[in-house]
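Hi,

Here is the structure I promised to pass on. Have a look at it, and then read on for what turned up.

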Amino acid sequence: MLFQVGGQGARPTFFEMAAAQQLPASLRGALTYSIGVLALRRPFLHKVLDYEDEFFALLMLVLETHSLRNTDASFSESLYGLRRRAAKIRTKQADIRSKSSDGIQHSSLEKRQRVLSVVFLVVLPYLKSKLHSIYNKEREARLQASLWGPGDERFEDVDYFDEAEASIASRTSTETEATIRTRLAKNIHKIIGVCYPWLHATTEGLTFTYQLLYLLDATGFYSVGLHALGIHVCRATGQELMDTSSRISKIRNRERERLPGPPWLKAVQGALLKCTYAVLDYAQTGLIAAVFIFKMMEWWYQSAEERMSAPTVYPPPPPPPPPKVAKDGIPLPPDRTICPLCSLKRANPSVVTVSGFVFCYACIHKYVSQYQRCPVTLMPADIDQIRRLFHDM
């Protein structure tokens, strides 16, 4: 079976679609890293990091809406020269023959498809990230409860309030409502903790299935969202890329002409609108540059850290296993301070390097001189392989 790896035709390759899908994650990493560095000197930016999901979702909402409105493509797809087209399947044989061989006609996106595309590109990933964070907190809470027990158990059987403090501890209606909301939130978190793994596994399985079918050229839809919306991602032609700038300028001129009010108010509103479009264009360019700079810095510092963390002096290898006592060798005494040869407490202890066993120096010197071997393992040895031990001095 052949895979589509070339760049021919209007159908994008699997690698182009994968790169376009991974760009928002790289963009988020670049923004988080940049804001984290700036927050070292501007502490108020830590509030942005506290609401990282909301900040990034709002930014992507503006970018995706602006990109879909002007280019009929998402922000990442427009960067790779891709366009979204509505796929309309024709059932009449005449339409099939006149339009295309596969029975699919591509047309520009409708307003409903643009809105739903923003939902699939921004809203659903935001909800998934929030569910993931809630699931992580719930899992940590369950792990802590399994290790230390619930935090309220040690206070259940103890009465910390006397009769004089009973009136102070009475619950008001506001406190009761807050307690109910807290319990409801805990129950919702527990439900999410149980259901989220199955939901995550289902979505990841469907994503993998669609990507595999797209790679095998068995479907024209790269993801579940594109299939649900009836949208095909196509490679933009050269003429479309050339006409994009003129089309955007026409749309913006038409919007400035439709501004209500007297001429002076129209001029002010037109100037503000022009500045807004300029900010959006520069933001797109800056974000793209930030992604590439972030990836380059990540590669640079990662390689540098690997070089710095590489050990210059490697740890010594583990010692070899101790040699086995030979069947015909001298048995070892239970007390390690006793010499196996004379069965007395070792005097002037010395070791045979070929085996590692310790004897009295006089005993082992005499034995090795006579038999040329270790008395315990019967391994060949000579006098030069006897070493004095100084651990008792």
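**Starting at His 46**

His 46 is partly exposed, with a relative accessible area of 38%; buried means under 20% relative accessible area, exposed over 50%, and partly exposed in between, with a 1.4 Å probe and protein chains only. This histidine is found in helix α2, residues 46–50. Helices here are DSSP runs of H or I with at least four residues, strands are runs of E with at least two, and both are numbered from the N terminus. The C-alpha atoms of His 46 and Ile 35 are 8.1 Å apart, with their positions 11 residues apart along the chain.

A word on provenance: this is a predicted model, where local features need pLDDT of at least 70, side-chain atom pairs count only at pLDDT 80 or more, and totals for chains, interfaces and linings use all residues. Residues are numbered from 1 along each chain as its sequence is written, and side-chain values use heavy atoms, with hydrogens and water left out.

**The overall numbers**

The protein has 12 helices and 6 strands, and 27% of its 393 residues are buried. Of the contacts (heavy atoms within 4.5 Å) with a separation of 6 or more, 58% are between residues 24 or more positions apart. The accessible surface comes to about 27,400 Å², with 63% of that belonging to carbon and sulfur atoms; the areas are from the Shrake-Rupley method with a 1.4 Å probe, and for residues only the protein chains shown count as cover.

**Two helices**

Ile 35 belongs to the buried set of α1, which also includes Phe 14, Met 17, Leu 27 and Leu 31. Helix α1 covers residues 14–39, and its 26 residues reach 38 Å from first C-alpha to last, close to the 38 Å expected at 1.5 Å a residue. That expected span is 1.5 Å times one less than the number of residues. There is a bend of about 30° at Leu 23, with Pro 24 following within four residues; the bend is the angle between axes fitted to the seven residues ending there and the seven starting there.

Helix α3 (residues 52–71) has 20 residues and spans 28 Å, close to the 28 Å expected. Its buried residues include charged-looking names you may want to click on, among them Asp 53, Glu 64 and His 66. Just after α3, Asp 72 takes a positive phi of about 55°.

**The sheet and its loop**

One open sheet has 3 strands in the order β5-β4-β6, with antiparallel pairing. Its edge strands are β5 (358–360) and β6 (386–388), each pairing on one side only. Neighbouring strands are turned by 40° against each other on average, direction ignored. Strands count as paired if DSSP finds at least two bridges between them; β4 (residues 349–352) and β6 have 3 bridges. Val 351 stands opposite Arg 387 in β6.

Helix α12 (residues 361–371) lies across β4, β5 and β6 and runs at about 100° to β5. Axes are lines fitted to C-alpha atoms, for helices over the stretch in contact, with angles from 0 to 180 degrees between N-to-C directions.

Which residues in the loop between α12 and β6 have a positive phi? Gln 372 does, at about 55°, and Leu 378 does, at about 60°. Neither is a glycine. Gln 372 is partly exposed at 40% relative accessibility, and Leu 378 is partly exposed at 27%.

Cheers
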